[in-house]
Amino acid sequence: MEELKKLYFNYTGKSVLTIDELPSSGSNRRYFRLVGDDGKPLIGVKGTSVEENIAFVEIARHFKSKGLNVPEVYAVSGNNEFYLQEDLGDDILFKATENGRTCGRFSDEEIRLLKRTMEMLPDIQFKGAEGLDFSVCYPQPEFDERMISFDLNYFKYCFLKATGLDFSEIRLEDDFQRMSSILMRAQSSTFLYRDFQSRNIMIVGGEPYFIDFQGGRRGPIYYDVASFVWQAKANYSEEIREELVKTYLSSLRKYMPVDETYFRQQLRHFVLFRTLQVLGAYGFRGYFEKKPHFLQSVPYAIYNLRKLLEEPFTEYPYLDQLLRQLVDMKQYKDMSMQQKLEVRVFSFAYKKGIPADTTGNGGGFVFDCRALNNPGKYEHYKHFTGRDPEVIKFLEDDGGVFPYLNNVYELVDAHVEKFIERKFQHFMVSFGCTGGQHRSVYCAEHLAEHLSKKYDIIVKLEHRELK
């Protein structure tokens with residue numbers, strides 16, 4: 001990452017002391033947190049698509065000039081492959097609403113954040129569009145029939161065909177054409193965010209900040225409402241969805257008169273369109289790119305589709321019939337939205353035996369940490385554990401723990417992905433050392449953190465000897 005280090009130095013006049021890569025999902029961009037000797041972090045981005053990088057930088061600068069909550073872009077490399085932006089921290093709205101999504105009961109603070117996000121959406125759509133040069137948008141400047149066709153075919157070829165369901169492409173295409181006509185009657189000169197969902201919203205000082213809008217373009221207001229309120233894994237009740245839509249409409253009236261009946265009718269078509277597009281994305285990432293964690297989201301999207309079909313889509317008779325067959329297929333009827341892989345990570349002392357598996361799954365990986373340099377042989381470290389800064393510094397200064405853990409990550413990641421794909425519920429990883437206090441604790445902590453950031457799974461961490 002020499003280019004990012006050089007860009008950082010040119011902007012700050014300081015050298016980079018630490019550079020840590022941040023998790024990413026389906027993006028072709030890589031994100032890094034860079035910290036210099038002043039201790040102030042910046043986010044460095046490497047993007048393989050120059051046009052997409054330019055779109056983000058130009059839109060971000062425009063939004064910032066309009067007073068919208070987006071990260072500031074500080075510096076861009078001459079070839080537009082790298083840029084530095086403001087570090088908004090690590091708190092995302094998706095994580096901030098995790099308790100509500102898990103149990104289905106959202107706290108007052110979670111609902112406040114969700115409503116505040118919807119309240120700010122019209123500002124992005126209208127203020128963000130004022131004076132914006134839409135020609136910088138990538139891959140195209142506006143929502144049109146081609147975009148609709150691409151997304152519907154994405155669903156047809158990457159998801160529907162993968163199910164094995166038999167269908168008439170001619171009759172389906174007829175309904176797709178009808179849907180395109182209905183969606184296109186909603187055109188406006190507003191900004192369409194394209195991927196407006198809680199993973200792309202940061203929480204800074206209790207306020208939403210917006211990222212990953214580089215796919216935005218000119219387009220109708222309904223799309224982003226559908227994307228956010230009907231996000232596949234959001235797990236919002238019908239009552240919360242109604243509350244969010246009402247919040248949006250109240251804020252929307254600052255910018256335009258609203259025919260609420262027409263708005264809701266049109267929104268319903270965009271919810272269906274967005275749900276099909278999302279299923280296409282999950283199918284492509286999961287079935288074709290072999291990224292099984294995307295398949296975990298399919299039951300949520302199928303649930304949304306099933307709820308939508310409670311009222312027939314008479315405008316699309318064949319599509320309506322086909323989608324009813326789809327949601328009734330055995331593989332989707334049997335899917336549980338709550339079923340997640342649980343990974344239990346242990347640290348232990350070999351002299352007290354390997355931890356027993358209590359799930360009935362027969363155990364899992366056991367990694368021996370005793371080849372790593374042992375801080376426990378020095379008197380100074382005997383009263384510390386692998387959680388303490390003194391031991392962490394000892395192990396990291398020695399350096400041997402880094403390649404060791406990288407090898408562990410590669411093995412465990414491969415198993416986790418296969419276990420998710422095969423719908424296993426339990427997996428176990430244990431780290432052993434002499435006393436179960438230093439090296440094994442450090443490694444267990446880091447694996448648990450690595451898995452939690454990378455996968456949508458349940459991670460349970462237990463340091464047996466520290467009890």
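Contact here means that heavy atoms lie within 4.5 Å of each other. The structure is a predicted model, in which local features need pLDDT of at least 70 and side-chain atom pairs count only at pLDDT 80 or more, while totals for chains, interfaces and linings use all residues. Residues are numbered from 1 along each chain as its sequence is written, and side-chain values use heavy atoms, with hydrogens and water left out.

**Exercise 1. Describe the protein chain as a whole, from its elements to its contacts.**

Begin with the elements: the protein chain has 17 helices and 13 strands, where helices (H or I, at least four residues) and strands (E, at least two) are DSSP runs numbered from the N terminus. Next, take the radius of gyration, which is computed over C-alpha atoms and compared with a globule rule of 2.2 Å times the number of residues to the power 0.38. The value for the protein chain is 25 Å, close to the 23 Å that the rule gives for 467 residues, so the chain is as compact as a globular protein of that length. Along the principal axes, the C-alpha atoms fill a box of roughly 75 × 55 × 40 Å. Finally, of the contacts between residues at least 6 apart in sequence, 71% join residues at least 24 apart.

**Exercise 2. Work out how helix α7 and helix α9 each pack against helix α10.**

Two packed helices are described by the angle between their axes and the distance between the axes. The axes are lines fitted to C-alpha atoms, for helices over the stretch in contact, and the angles run from 0 to 180 degrees between N-to-C directions.

Take α7 to begin with: the axes of α7 (residues 169-184) and α10 (residues 260-288) come within 10 Å and cross at roughly 130°. That makes α7 oblique to α10, since angles under 35 degrees count as roughly parallel, over 145 as roughly antiparallel, 65 to 115 as roughly perpendicular and the rest as oblique. The contact is made by Met 179, Ile 182 and Leu 183 of α7 together with Gln 266, His 269, Phe 270, Leu 272, Phe 273 and Leu 276 of α10. These residues divide into seven nonpolar, two polar and no charged, with Ala, Val, Leu, Ile, Met, Phe, Trp, Tyr, Cys and Pro counted as nonpolar, Asp, Glu, Lys and Arg as charged, and the others, Gly among them, as polar.

Now turn to α9 (residues 238-252), whose axis comes within 12 Å of that of α10, the two crossing at roughly 125°. That makes α9 oblique to α10. The contact involves Glu 242, Val 245, Lys 246, Tyr 248, Leu 249 and Leu 252 of α9, and Glu 260, Phe 263, Arg 264 and Leu 267 of α10. The residues of this contact divide into six nonpolar, no polar and four charged.

**Exercise 3. Place Asp 123 and Asn 235, and state whether each is buried, partly exposed or exposed.**

Buried means under 20% relative accessible area, exposed over 50%, and partly exposed in between (1.4 Å probe, protein chains only). Asp 123 is found in helix α5 (residues 108-127), and its relative accessible area of 16% makes it buried. Not counting residues up to four places away in sequence, Asp 123 touches Leu 68, Gly 128, Lys 254 and Tyr 255. Asn 235 lies in the loop between α8 (222-229) and α9, where a relative accessible area of 22% makes Asn 235 partly exposed.

**Exercise 4. Find backbone features that depart from the general pattern.**

Most residues other than glycine have a negative phi, and most peptide bonds are trans. Asn 235 has a positive phi of about 60° although it is not a glycine. Asp 212, also not a glycine, has a positive phi near 55°. A cis peptide bond joins Tyr 138 and Pro 139, with omega about 10°.
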